[in-house]
Amino acid sequence: VGDNLRLLARAERGKRWVLANLAQWGWFTRTDPGARPRFLMLSEHTGGRTQRVVMGHARGQITINVTEADELIRLKRQLDLGEQYRSMVGHFRHEMAHFLFDRLCALPGFLPAFRDIFGDEREPYGEALKRYYADLPDPGEDHITRYAAAHPHEDWAESVAHLLHMVDFTDSFVSTGLTMAGVPDGYRPYAEDDTPRLLGIASEVAIAVNDINRALDNGDLYPFVLTGPVRAKLAFAHHWLRSALGAAAAARPERHSA
């Protein structure tokens with residue numbers, strides 16, 4: 001129907017890009033024994049009528065609205081919602097973060113540490129969203145985006161998405177052979193285990209590319225400010241996403257043949 005096949009192809013490209021990124025930390029590879037997400041790719045336009053598609057994650061299934069692969073539609077919604085950034089890759093990273101949260105919950109120590117920094121995710125979600133949309137709070141110093149202030153689950157998802165943004169655009173920068181002061185030769189962002197160092201290098205790359213974009217009167221590559229509390233949340237996510245599979249393997253009982 002209409003442009004659905006073209007938009008599905010664009011959305012699928014974003015999905016595969018995000019999965020390829022996560023594979024660099026071992027997620028969903030052959031050595032990862034954990035559950036895989038399922039994707040429900042829907043369009044608002046189904047022939048003769050328009051249906052509402054709500055993107056989200058529930059019990060391992062990620063719903064994506066492929067209609068937003070249309071750049072003009074996505075830009076209009078970005079402006080209507082007052083967002084600084086909106087993309088298909090961003091949607092996949094955000095929803096994938098919810099899926100990864102469910103997998104990480106099985107690891108000892110994750111939930112108490114999560115609640116110390118993000119808050120109690122057991123707060124009623126529906127009521128929190130009603131309050132959010134009624135008030136649209138300022139993100140302040142504690143949240144990377146306004147939506148992150150809605151609920152601890154959304155704070156986590158937004159933080160993970162932004163961590164993945166920063167790691168990946170830095171990896172893209174060095175993978176193309178570009179160099180600049182502040183970026184070590186041969187730097188491998190996905191191999192970095194020092195979050196402050198990673199964020200410092202990624203910020204240098206973002207500032208440089210922002211300046212290049214401004215020379216053409218284009219929008220910034222990364223128009224966000226990393227406050228102290230936000231950096232702490234990114235460091236938490238970075239630690240668990242990089243180390244979770246190794247921790248899970250260590251926790252499994254060793255099998256002995258008879």
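This passage describes confidence, pockets, one helix and selected loop residues in a predicted model.

The model is predicted: local features need pLDDT of at least 70, side-chain atom pairs count only at pLDDT 80 or more, and totals for chains, interfaces and linings use all residues. Residues are numbered from 1 along each chain as its sequence is written, and side-chain values use heavy atoms, with hydrogens and water left out.

Confidence is given as pLDDT (the predictor's confidence in each residue, from 0 to 100). The protein chain has a mean pLDDT of 93. A value of 70 or more is reached by 95% of its residues. Helices (H or I, at least four residues) and strands (E, at least two) are DSSP runs, numbered from the N terminus. Strand 3 (residues 61–65) has the highest confidence, at 98. Helix 8 (residues 228–251) has the lowest, at a mean of 86. Over residues 254–258, pLDDT stays under 50. For that stretch the model has zero contacts (heavy atoms within 4.5 Å) beyond four places in sequence.

Pockets were located on a 1 Å grid over the protein atoms alone. A pocket is an open set of points where a 1.4 Å probe fits, with protein on both sides within 12 Å along at least five of seven lines. Lining residues have an atom within 4 Å of a point. Grid points are joined across faces, edges and corners, and a volume is the space filled by probe spheres set on the points.

The largest pocket holds about 1500 Å³ of space. It is lined by 47 residues, with Glu83, Arg86, His94, Tyr133 and Tyr147 closest to its centre. Two or more lining residues come from each of strand 2 (56–58), helix 2 (71–81), helix 3 (88–104), helix 5 (125–135) and helix 6 (152–175). Helix 3 gives the most, with seven residues. The lining comprises 18 nonpolar, 14 polar and 15 charged residues. Here Ala, Val, Leu, Ile, Met, Phe, Trp, Tyr, Cys and Pro count as nonpolar, Asp, Glu, Lys and Arg as charged, and the others, Gly among them, as polar.

The second largest pocket has a volume of about 450 Å³. Of its 19 lining residues, Trp17, Tyr85, Ser87, Met88 and Val89 lie nearest the centre. Helix 1 (4–23), helix 2, helix 3 and helix 6 each supply at least two. Nine lining residues are nonpolar, four polar and six charged.

Helix 6 has 24 residues. From first C-alpha to last, helix 6 reaches 34 Å, close to the 34 Å expected at 1.5 Å a residue. That expected span is 1.5 Å times one less than the number of residues. Of the 24 residues of helix 6, 21 are buried. Buried means under 20% relative accessible area, exposed over 50%, and partly exposed in between (1.4 Å probe, protein chains only). Glycine 177 follows helix 6 and has a positive phi, near 90°.

Two residues other than glycine also have a positive phi. Most residues other than glycine have a negative phi. Arginine 59 has a phi near 50°. Arginine 59 lies in the loop between strand 2 and strand 3 and is exposed, at 74% relative accessible area. Leucine 136 has a phi of about 45°. Leucine 136 sits in the loop between helix 5 and helix 6 and is partly exposed, at 38%.

Alanine 69 occupies the loop between strand 3 and helix 2. Alanine 69 is buried, with a relative accessible area of 3%. Its contacts, not counting residues up to four places away in sequence, are Leu7, Arg10, Ala11, Arg74 and Met88.
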